[in-house]
Structures are given as C-alpha cells and as structure tokens.
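Visitor: Please show me the model, and then explain the terms used for its charged side chains.

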Amino acid sequence: MVRRPTADELAAAREEVLPDVVAAGLDVLFCGINPGLYSAATGYHFARPGNRFWPALHRAGFTDRQLRPDEQDDLLAFGLGVTNIVRRATARADELTGDELRDGALQLTNLVRGLEPRVLAVVGITAYRTAFGRPDAVIGAQDDRIGSTRVWVLPNPSGLNAHYQLPALVDEFRALRDALAG
C-alpha cells in the first residue's frame, strides 16, 4: 500500500527521478509526461490518489485486476511498462519547458529503439504535440513509428484532466487494447 507522503517529503521530491519499469519486447510501453511530486515522493508512477491510470488500465482489460501503484513492477508480467517523457519531478506538468519535452522525446526515442515494444502509448496529447513536434496530433494511433514500434496517444489520466472522465478514458485505453488484439 502506498503511504501518503508528508509535506516535507513532497517538497523534497522536486527534481527527483523515478526509475522506469521496462523490459525488452513489451506489448505496450506507457509513457507519462513527467512524475508529479506525489509519485516522486512515493517512488511509484501514477501514485497520486485520483489519478485514473490504474483503474483505466484494468477496466480496459490490460490487467486482470486493478493494480496499486506499489505493484507497478507487476506490469511486466502483463507485457506492459511505464516511463516518462521528462524524468524530473514537478508539481505540475506546465512547469516543463518545450525544450525539456523535446529533449525528453529524443531520450524516449532512444529507449524505445533499444526495447522495441509493440506500442509506445504516450498519455498526454499536449505534451506529445510539443515533444514530438506534431501540433495537429489527435488521440489514438499516430502515423509515426519509432523503428518497428507503433505510436499511440492517450488522454492524460490525471484527475485534473476534466475533459476525460473515467468511462471516456477507459474507452480510449480499450481502443488501444483492441488494436493490439486485432
């Protein structure tokens, strides 16, 4: 179970880096924008209560039960992994610069080329547009590939993303899962 970090732990988490949960040949490498302070303080991706990544992943059929953030390493058994475009933690994604996002995309591209997942799924359309220089990108499958890896964009699962409530978020995650099966 993830312990709620103290205010001091959250303040100390600024600029921290979370380790990737990755392996070669994954079905999907999910890629967040960057770790929030809550995630950095706990050491787990998508850890803030209210983040809908874990419920969406399960309800879309990627996992047989809803994993907790502290079970993130179990993703590998499902052929899934998680990383971020920008590695450093911030309170909000809008603290990142365009240059940071573009530099992160270059590092992510190198990671993907080395691991060769079937799909890179970036969770955050605005960050994807900036990082990869695709201002007109939309949610869903992209025309771009990184080597043999398909690129897919999903909505940001943060509870702050009011444009997508959980059912709509699940629908987008399920579309990716269905594309993998098809």
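Guide: A salt bridge is a side-chain nitrogen of Lys or Arg within 4 Å of a carboxyl oxygen of Asp or Glu. The model is predicted, and a search of the whole structure finds 14 salt bridges.

Visitor: Why is the contact between Glu 71 and Arg 65 called a salt bridge?

Guide: The N to O distance between the side chains of Glu 71 and Arg 65 is 2.9 Å. The cut-off is within 4 Å, so the pair qualifies as a salt bridge.

Visitor: What makes Glu 71 buried?

Guide: Glu 71 has 13% relative accessibility. Buried means under 20%, therefore Glu 71 counts as buried.

Visitor: Why is Arg 65 called partly exposed?

Guide: Its partner Arg 65 has 37% relative accessibility. Partly exposed lies between under 20% and over 50%, so Arg 65 belongs there.

Visitor: How do you know that Arg 68 forms a salt bridge with Glu 71?

Guide: The closest N and O atoms of Arg 68 and Glu 71 are 3.7 Å apart. That is within 4 Å, so this pair also counts.

Visitor: What makes Asp 70 and Arg 68 a salt bridge, and how exposed is each?

Guide: Their closest N and O atoms are 2.9 Å apart, within the 4 Å limit. Asp 70 is partly exposed at 22% relative accessible area, and Arg 68 is partly exposed at 34%.

Visitor: Which residues are linked in a network of salt bridges?

Guide: The network links Arg 65, Arg 68, Asp 70, Glu 71 and Asp 74.

Conventions: Residues numbered from 1 in each chain as written. Predicted model: local features only at pLDDT ≥ 70, side-chain atom pairs only at ≥ 80, totals over all residues. Heavy atoms only, no water. Buried < 20%, exposed > 50% of the residue type's maximum accessible area, 1.4 Å probe, protein only.
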